[in-house]
Amino acid sequence: MNNAEEKMRYSEDELREFEGIISQKLDLARNELNYIKDQLSKRNDSGTDNTTGSSKLLEDGADSMERESLSQLAARQQKFIQQLENAMIRIKNGTYGVCIDTGRLIPKERLRAVPHTLHSIEAKLRKSN
């Protein structure tokens, strides 16, 4: 019955492969977040004092919209980083790759595409209906 046990979780080698994928994605995501934060900081620093009248209002409105957009991007990126970090924890505690709804192993193809997922595609589709 060792074969049945193996189907319940991924091997150490398989987990190392996923750890590498997640580690790469984490590096990229953190770099992107730092870039977004840098852009936000530049937006906050650059005040345009020499324009007057309605063009100043338009510029301020556009600047405000861009800051809001960057803030939303930063928030999404932080959430993504947290999901990847949680996936790393699941690798360490041996629960990575197990669907939280069905208890079955999530296919490798799905984990390679969405390494932070907690759901098999079947469970995900069921939830969205």
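**Entry 1: two rings to start with**

Are Phe18 and Tyr96 buried or exposed? I looked this up before anything else, and both Phe18 and Tyr96 turn out to be buried. A reminder to myself: this is a predicted model.

For Phe18 I noted a relative accessible area of 0%. That is under the 20% cut-off, so Phe18 counts as buried.

**Entry 2: aromatic pairs**

Next I looked for rings that pair up, and the structure holds two aromatic pairs. One of them joins Tyr10 and Phe18 in an edge-to-face arrangement, with 5.4 Å from centre to centre and 65° between the planes. Tyr10 has a relative accessibility of 7%, so I wrote it down as buried.

I then turned to Phe18 and Tyr96, whose ring centres are 5.3 Å apart. Their planes meet at 50°, so this pair is tilted. Where do Phe18 and Tyr96 lie? Phe18 sits in helix H2, while Tyr96 belongs to the loop between H3 and H4. The pair therefore ties together parts that are 78 residues apart in sequence. Put together, Tyr10, Phe18 and Tyr96 make one aromatic cluster.

**Entry 3: the nonpolar core**

I wanted to see what surrounds these rings. As general background, nonpolar side chains in soluble globular proteins tend to be buried together. Here the largest nonpolar core has 22 residues. Phe18 and Tyr96 are among those with the most contacts inside this core, along with Ile22, Leu26, Ile91 and Leu111.

Which helix gives the most to this core? My note says H2, with nine residues. H2 and H3 each supply at least two residues of the core.

I also followed Leu111 outward. Leaving aside residues up to four places away in sequence, Leu111 touches Tyr10, Phe18 and Tyr96, and also Gly97, Ile106 and Thr117. I liked this one, since the three residues of the aromatic cluster appear in the list of what Leu111 touches.

**Entry 4: salt bridges**

Now for charges. In general, side chains of opposite charge can pair when their charged atoms come close. How many salt bridges does a search of the whole structure find? The search gives seven, and I wrote up some of them.

Glu17 pairs with Arg112, with 2.7 Å between the closest N and O atoms. This salt bridge links distant parts of the chain: Glu17 is in helix H2 (residues 12-45) and Arg112 in helix H4 (residues 108-113), 95 residues apart. Glu17 is partly exposed at 32% relative accessibility, and Arg112 is partly exposed at 37%.

Glu85 forms a salt bridge with Arg30, and the closest N and O atoms are again listed at 2.7 Å apart. Glu85 lies in helix H3 (residues 53-93) and Arg30 in helix H2, so this pair ties together parts that are 55 residues apart in sequence. Both ends are partly exposed: Glu85 has a relative accessible area of 28%, and Arg30 has 35%.

Arg9 and Glu12 form a salt bridge as well, with their closest N and O atoms 3.7 Å apart. Arg9 counts as partly exposed, at 38% relative accessibility.

**Entry 5: a record to compare**

Last, I checked the UniProt record. This unreviewed entry lists residues 94-124 as "domain: Zinc finger DksA/TraR C4-type". In the model, the chain over residues 94-124 is 32% helix and 0% strand. I also noted that the end C-alpha atoms of this stretch are 22 Å apart.

How values were computed:
Residues are numbered from 1 along each chain as its sequence is written. This is a predicted model: local features need pLDDT of at least 70, side-chain atom pairs count only at pLDDT 80 or more; totals for chains, interfaces and linings use all residues. Side-chain values use heavy atoms; hydrogens and water are left out. A salt bridge is a side-chain nitrogen of Lys or Arg within 4 Å of a carboxyl oxygen of Asp or Glu. Buried means under 20% relative accessible area, exposed over 50%, partly exposed in between (1.4 Å probe, protein chains only). Helices (H or I, at least four residues) and strands (E, at least two) are DSSP runs, numbered from the N terminus. UniProt positions are given in the numbering used here, feature names are shortened, and annotations may be inferred rather than shown by experiment. Rings of Phe, Tyr and Trp (its six-membered ring) pair if their centres lie within 6.5 Å; planes under 30 degrees apart count as stacked, over 60 as edge-to-face and the rest as tilted. A nonpolar core is a set of buried Ala, Val, Leu, Ile, Met, Phe, Trp, Tyr and Cys residues joined through side-chain atoms within 4.5 Å. Contact means heavy atoms within 4.5 Å.
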